[in-house]
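Here's a walk through how the pieces of this model hold together. Take a look at the structure, then read on.

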Amino acid sequence: MKLEDSHISLAHGNGGRFMRELIDEVFARHLSNDTLDTNADSVALSLPGERIMFTTDGFTVQPLEFPGGSIGSLAVHGTTNDLAVAGADPLFLSLNAFIEEGVEVALLERIVADLGRAATETGVRVAAGDTKVLPRGQGGGIYLATTGIGVYRHPGVLAMNEIRAGDVMLVSGPIGDHGIAVMLAREQFGLRGDIRSDAASVLPLTRALRAVPGVRFMRDPTRGGLVSVAHEIARATGLEITLDEPSIPVRPAVTTVCDMLGYDPFYLACEGRVVAVVAPDAAAEALRAWKALPGGGDASVIGEMRALVHGGRVLLKTELGGLRILEELEDDPLPRIC
Amino acid sequence: MRSSPQAPSGAHRLLARRVVLTGHVQGVGFRPHVYRLAVARGLTGWVQNRMGAVHALVEGPEEAVSRFLREVVEQAPPLSDPHLSEAVETAPEGGGSFTILESDAGSDVSIFVPADTSVCPDCLREMRDPGDRRYRYPFINCTQCGPRYTLIEAMPYDRANTTMAGFPLCEACRREYEDPSNRRFHAEPVACPDCGPSLRFARQGKTVIAQTEPALAATAAALKAGDIVAVRGIGGYHLVCDARNEASVQRLRQRKHRPDKPFAVLVPEAGVDGLDGVRALARVSARAARALSMPHRPIVLMPRREDAELAASVAPGLGVLGLFLPYSPLHVLLLDAIGGPLVATSANPSGEPVLTTPAEIEERLSGVADAVLHHDRPIARPADDPVLREIAGTVVPLRLGRGNAPVELSLPFALEKNALALGAQMKATVTLAFGNRAVISPHIGEMEAARSLQVLEDVSRSLQSLYGAPAGVLLCDAHPGYTTHRWARNQGLPVVPILHHHAHASALAAEYPDAVGNWLVFTWDGVGMGTDGTLWGGDVLWGRPGNWRRVARFRPFRLTGGDRAGREPWRSAAALCWAVGRDFHNTPDGGEIARRAWDKGINTQETTAAGRIFDAAACLVIGRTHVSFEAQAPMLLETLSEGIEGQATPLPISCGESGLLEVDWAPLLDPLNDRRRSEGERAAGFHASMAQVVPDLARALARQFPFGQIGLTGGVFQNARLVREILNRAVGLEAPLRMHRHVPCNDAGISFGQVVEYAARARGEDG
Ligand SMILES: [Fe+3]
Ligand SMILES: [Mg+2]
Ligand SMILES: [Zn+2]
Ligand SMILES: [Zn+2]
């Protein structure tokens with residue numbers, strides 16, 4: 001800790017010496033790389049490829065730190081995962097930090113360090129950044145926004161309109177860990193036990209599928225979880241998606257918490273999983289590729305696309321053989337049982 | 001009835017009248033009836049089906065014509081319910097005979113879709129006569145019996161518009177079909193072994209036996225050996241097994257993943273009135289006996305006899321049995337062969353509509369049935385068996401289905417726009433309303449199931465086309481999470497959401513068109529969304545359709561776990577205990593997570609639901625934390641209370657926030673937990689306490705909210721013990737107590753209530 005103050009004040013956002021110190025001592029120190037120049041107005045990037053991919057994302061997670069990650073690592077994984085599932089290798093990030101007056105500098109530093117570590121592990125460099133300080137009460141401690149640039153590296157075309165009836169859906173690992181871990185941390189449940197966020201880079205997973213012909217489309221099931229991805233696909237393709245409940249990997253601890261709280265894990269956010277749609281004859285190979293990776297052991301074929309029966313829908317084939325409608329996520333689902 | 005000006009009288013004067021008969025005149029042998037009467041009176045002219053109404057011209061001596069007009073209604077066939085809506089004098093046409101004209105698919109909308117009816121005594125006699133050409137034929141029928149709704153694909157009701165269109169009549173059948181003096185004259189599904197449907201017995205998807213008689217024999221042999229056989233019937237398949245074979249019934253439970261929900265039992269006819277077999281299993285009141293023998297042969301819930309010879313797992317832990325008599329010739333033949341009761345439960349994964357096609361059975365139930373008895377008469381749309389129960393001296397429907405649906409009721413006000421009401425999330429039905437008519441579909445299913453939505457779409461479409469009444473507005477429950485609410489919003493039609501309990505109350509009110517003054521309606525069920533966005537279910541509404549006001553409720557409590565509360569009574573018990581600062585120990589593993597969620601209000605909703613108070617009581621008395629079907633816990637509690645006098649614990653009524661009277665359930669907890677008393681005493685006491693709430697609240701509300709009648713609606717009032725206690729305790733109240741008679745008090749009645757509520761509001765806006 002090199003800053004004089006232990007807490008962020010409005011002075012850290014006024015463009016003067018305090019701000020200079022904040023950037024140097026916290027941001028530059030943890031994020032430095034050969035491209036980042038905190039004195040320049042702009043930087044030149046050299047991009048090794050034809051198809052440049054570009055994305056942006058904002059991060060407002062509460063609490064700022066949770067088992068398995070923090071808003072810092074999330075700001076890297078969230079944006080680079082969006083590039084990765086689109087078939088790209090992420091290369092550069094920009095970072096905007098909105099810090100609320102009164103935030104502990106030590107906390108900020110942990111988060112920025114986390115961000116730096118995640119960037120290094122993922123192989124991206126933070127190439128530009130900005131910080132703002134918000135008056136007390138006008139922010140959730142820290143908000144981050146990252147913009148990512150990458151180059152397309154997938155050998156074929158990845159798009160929803162590549163999806164055909166008969167294609168199958170795979171997921172790379174257990175779902176719901178992130179959603180439950182963050183919720184338990186936010187509500188200070190103080191549960192012993194080990195539900196950790198799955199927040200991680202999915203780049204190894206998406207890269208592994210580059211060798212598999214017949215991959216149609218990939219997406220990371222973040223907000224709204226698996227069901228929201230399935231609904232997007234159903235809407236865009238006009239196909240019906242049947243998910244097979246027993247095949248969907250969910251950790252027992254997550255199931256227990258969901259059962260107790262009345263949540264459905266299929267709607268919970270993940271931050272380190274990939275949903276892929278592949279041609280039926282590519283499923284086995286895709287599964288093998290994922291299972292060979294560390295953390296890919298629970299990868300599974302979880303559903304299939306069928307020609308429209310009664311309008312694009314997402315269905316769940318239950319453990320007991322029933323076929324249940326999975327409706328689109330609602331903000332605050334109310335019980336329906338009369 | 002319009003009538004032409006009186007002409008000078010004279011017995012020999014020739015007279016011609018154009019007659020229109022409406023009401024239930026289709027699929028009931030009405031045209032032959034008109035024909036026979038006209039010929040018998042020496043009249044000439046014609047008769048014709050015109051989209052639901054029967055039109056006729058009768059010509060002859062004035063006296064004979066008058067007699068015809070009287071007798072055509074007085075001597076109408078038993079299944080019909082005609083109304084002579086026109087008899088206008090017209091110019092004689094001078095034809096030499098009386099003829100039946102081809103049906104005319106005109107644009108008249110007074111259509112009545114006929115319902116399925118059990119095999120009649122005449123057909124039964126033929127079926128059992130070795131000399132008859134339909135001896136042992138499982139598809140025998142006539143104008144007075146047989147399938148109707150489940151095989152009609154379009155109106156008017158003619159063979160070409162039914163699923164029998166693919167079975168061309170043989171010479172012998174054609175002669176009967178075309179002979180106006182024959183009882184099969186224009187019996188649209190008429191068939192015989194030579195030209196009609198046949199049976200096919202299959203194991204593991206492979207046809208083993210393709211002839212009717214050997215297929216029947218193989219089925220009987222399989223059932224006797226303890227196998228589970230899926231049998232295609234009138235409105236869908238049943239899963240059938242020997243009801244006295246405990247191992248078979250248990251196997252069926254395991255394979256169907258249905259551990260507890262009672263199975264209906266098909267009982268052979270025996271004795272003078274056919275009910276001796278039923279009497280050996282249950283205590284049959286005179287009312288229940290009449291209900292069992294009604295033409296559509298419903299399932300009737302009756303108190304089980306201690307010595308009933310049935311497998312224990314037919315209805316585990318429950319004091320009532322659902323029994324019914326065979327209604328199709330196929331069921332009669334099967335029961336004849338077995339000579340004892342058979343479990344006959346809808347063939348479907350739990351909560352879904354009954355399956356109707358061989359392909360669905362192969363795909364969805366291959367692991368459940370050992371064998372299948374198929375037939376090849378297609379089922380146009382599913383109809384589950386209807387269920388009735390005697391509650392406090394009245395036999396009321398709990399489920400609408402084969403033979404008692406489509407149910408038609410009159411609306412108090414005529415609609416400007418045809419409306420299609422989509423019902424609730426559970427026990428869904430749809431109601432199509434046009435003019436002042438409301439047609440309620442058979443039971444569809446739980447809307448969470450994908451197939452329920454498909455069937456709901458199909459039934460909605462076919463009702464609109466059968467009745468020639470395309471909907472101009474859709475009515476759905478106000479709950480935004482209901483499947484039908486979301487579906488309605490995607491149909492491109494105006495949508496009017498109706499609050500769940502407004503629909504319950506309006507459905508009840510519409511059953512009593514002569515009621516005077518306001519209603520005070522107790523709406524007790526699971527949960528439904530209320531005006532304030534909280535979940536109602538233990539409330540009192542005051543007013544009338546189109547204008548309800550919530551005037552009292554149970555003290556609200558907070559439930560965790562969302563929809564899971566319906567299957568986990570411990571959540572309700574915990575909610576009540578936690579709300580008053582008591583401990584609750586009977587939580588499952590992980591219960592401390594729920595407790596913390598309850599403290600913090602995570603996924604926790606406020607409700608007044610009386611159904612959940614019953615769940616809580618069942619959990620506290622029996623210790624049952626989880627159930628396998630909704631309402632199981634209250635049913636167990638009701639059974640426990642049987643034959644035991646209950647002591648009511650008075651529940652205080654106070655004036656809560658916003659002027660609502662509030663009943664506090666808290667004093668129930670001590671007696672429910674009182675281990676010094678037996679489970680039965682505690683169950684009986686709880687019923688008494690809940691029942692006492694009705695007269696107590698009615699008295700407390702009477703001054704400020706005057707009412708002409710008190711209504712009871714919502715699934716909680718399927719509890720016969722509760723209703724009986726209420727009636728006993730309501731003696732001395734000035735206003736009469738009203739319950740449902742034609743429409744179930746549970747959510748199956750919601751679609752009808754939505755229509756009533758909408759019609760009342762639409763009228764309110766006009767005037
Ligand atoms: Fe209800
Ligand atoms: Mg994103
Ligand atoms: Zn008959
Ligand atoms: Zn024939």
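Which residues are linked in a network of salt bridges? They are Glu126(B), Arg133(B), Arg134(B), Glu176(B), Arg183(B) and Arg184(B). A salt bridge here is a side-chain nitrogen of Lys or Arg within 4 Å of a carboxyl oxygen of Asp or Glu. By this rule, the count over all chains comes to 65.

Before going further, some ground rules. This is a predicted model, where local features need pLDDT of at least 70 and side-chain atom pairs count only at pLDDT 80 or more, while totals for chains, interfaces and linings use all residues. Residues are numbered from 1 along each chain as its sequence is written, chains are lettered from A and ligands numbered from 1 in the order in which they are written, and side-chain values use heavy atoms, with hydrogens and water left out.

**Some salt bridges within the chains**

| Pair | N to O distance |
|---|---|
| Arg110(A) and Glu65(A) | 2.8 Å |
| Arg306(A) and Glu240(A) | 2.9 Å |
| Glu71(B) and Arg67(B) | 3.2 Å |

Take the pair Arg110(A) and Glu65(A): Arg110(A) sits in helix α3 (residues 105–122) of chain A and Glu65(A) in strand β2 (residues 65–66) of chain A, so the bridge ties together parts that are 45 residues apart in sequence. Helices (H or I, at least four residues) and strands (E, at least two) are DSSP runs, numbered from the N terminus.

Then there's Arg306(A) with Glu240(A). This one links strand β11 (residues 300–306) to strand β9 (residues 240–244) of chain A, with the two residues 66 apart. Arg306(A) is partly exposed, at a relative accessible area of 30%, whereas Glu240(A) is buried, at 1%. (Buried means under 20% relative accessible area, exposed over 50%, and partly exposed in between, using a 1.4 Å probe and protein chains only.)

In chain B, Glu71(B) and Arg67(B) are four residues apart in helix α2 (residues 62–74), so about one helical turn separates them. Glu71(B) is buried, with a relative accessible area of 7%, and Arg67(B) is partly exposed, with 38%.

**Where the chains meet**

Chain B puts 51 residues in contact with 34 residues of chain A, contact meaning heavy atoms within 4.5 Å. Together they bury about 3700 Å², 54% of it on carbon and sulfur atoms. That buried area is the accessible area (1.4 Å probe) that two parts lose on being put together, summed over both. On the chain B side, Arg486(B), Asp563(B) and Ile593(B) supply 17% of the area buried against chain A, more than any other three residues.

Four salt bridges cross between the chains. One of them joins Glu448(B) and Arg324(A), at 3.7 Å from N to O.

**Inside chain A**

The domain assignment, which is automatic or from a database, splits chain A into domain 1 (10–152) and domain 2 (160–325). Their centres, taken over C-alpha atoms, are 28 Å apart. Domain 1 of chain A brings 18 residues to the contact and domain 2 of chain A brings 22.

The area buried between these domains is about 1600 Å², with carbon and sulfur atoms giving 58%. In domain 1 of chain A, Pro67(A), Asn81(A) and Val85(A) lose the most area to domain 2 of chain A, together 32% of what that side buries. The rule finds two salt bridges across this interface.
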